[in-house]
Amino acid sequence: MSYKVKGIITSIGQKKVLDNGAVVLDYVIKNTSENGYETLYSFDIYKAKEYAQHLDKFLEFNKVGDKVIANGYPGTITD
């Protein structure tokens, strides 16, 4: 089951290039519920070498502070 999370991007990690040419990037979204409770969700983007430009587009069009809707399998960050 995948999730759809609405929130604000709070951090975007560094793009990492793996030995096989694939690229990986992690980012965090803060979701605020109706009762004011905030939850941080961590997402990872993995793109094979031939699709690396998709990750570059993500970095071009998304910045910290942007409101987004993310689809995927997030991991909840706990303190």
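## Helix 1, the strands and the nonpolar core

Strand 1 (3-12), strand 3 (23-32) and strand 4 (38-47) are among the elements that cover the buried residues of helix 1. The model described here is a predicted one.

Helix 1 spans residues 52-61, and its buried residues are A52, L55 and F58. These three lie on the same side of helix 1, because the arc they cover around the axis is only 110°.

The largest nonpolar core consists of 14 residues. Within this core, Y27, I29, F43 and I45 have the most contacts. Two or more residues come from each of strand 1, strand 3, strand 4, helix 1 and strand 5 (67-72). The most is given by strand 3, which contributes four residues.

Y27 shows how these parts of the chain meet. Leaving aside neighbours within four places in sequence, Y27 is in contact with S11, I12, Y41, S42, F43, I45, F58 and A70. One of these partners, F58, is a buried residue of helix 1. Two others, F43 and I45, belong with Y27 itself to the residues that have the most contacts inside the core. I12 is also the residue that stands opposite Y27 of strand 3 in the strand pairing.

The pairing of the strands can be set out by pair.

| Strand pair | Sense | Bridges | Residues standing opposite |
|---|---|---|---|
| Strand 1 and strand 5 | antiparallel | six bridges | G7 and V68 |
| Strand 1 and strand 3 | antiparallel | four bridges | I12 and Y27 |
| Strand 3 and strand 4 | antiparallel | ten bridges | V28 and S42 |

Strand 1 thus appears in two of these pairings, with strand 5 and with strand 3. Strand 3 pairs with strand 4 as well, and these two strands form a hairpin with five residues between them. In the turn of this hairpin, G36 has a positive phi of about 90°. In general, the side chains of a regular strand alternate between the two faces of the sheet.

Three further residues may be considered individually. T32 lies in strand 3 and is partly exposed, at a relative accessible area of 44%. Apart from neighbours within four places in sequence, T32 is in contact with Y37 and E38. A separation of 7.0 Å is found between the C-alpha atoms of T32 and G7, although these residues are 25 residues apart along the chain. G7 is the residue that stands opposite V68 in strand 5.

L40 is placed in strand 4 and, with a relative accessible area of 30%, is likewise partly exposed. Between the C-alpha atoms of L40 and I9 the separation is 9.5 Å, and the two residues are 31 residues apart along the chain.

N62 is found in the loop between helix 1 and strand 5. Its relative accessibility is 18%, so N62 counts as buried. When residues up to four places away in sequence are not counted, N62 touches I9, I12 and V68. Among these contacts, I12 is also in contact with Y27, while V68 of strand 5 stands opposite G7.

Taken together, the buried side of helix 1 bears A52, L55 and F58, and its cover includes strand 1, strand 3 and strand 4. These three strands are also among the elements that give two or more residues to the largest nonpolar core.

How values were computed:
Residues are numbered from 1 along each chain as its sequence is written. This is a predicted model: local features need pLDDT of at least 70, side-chain atom pairs count only at pLDDT 80 or more; totals for chains, interfaces and linings use all residues. Side-chain values use heavy atoms; hydrogens and water are left out. Buried means under 20% relative accessible area, exposed over 50%, partly exposed in between (1.4 Å probe, protein chains only). The arc is that of the directions from the helix axis to the C-beta atoms. Contact means heavy atoms within 4.5 Å. A nonpolar core is a set of buried Ala, Val, Leu, Ile, Met, Phe, Trp, Tyr and Cys residues joined through side-chain atoms within 4.5 Å. Two strands pair if DSSP finds at least two bridges between them.
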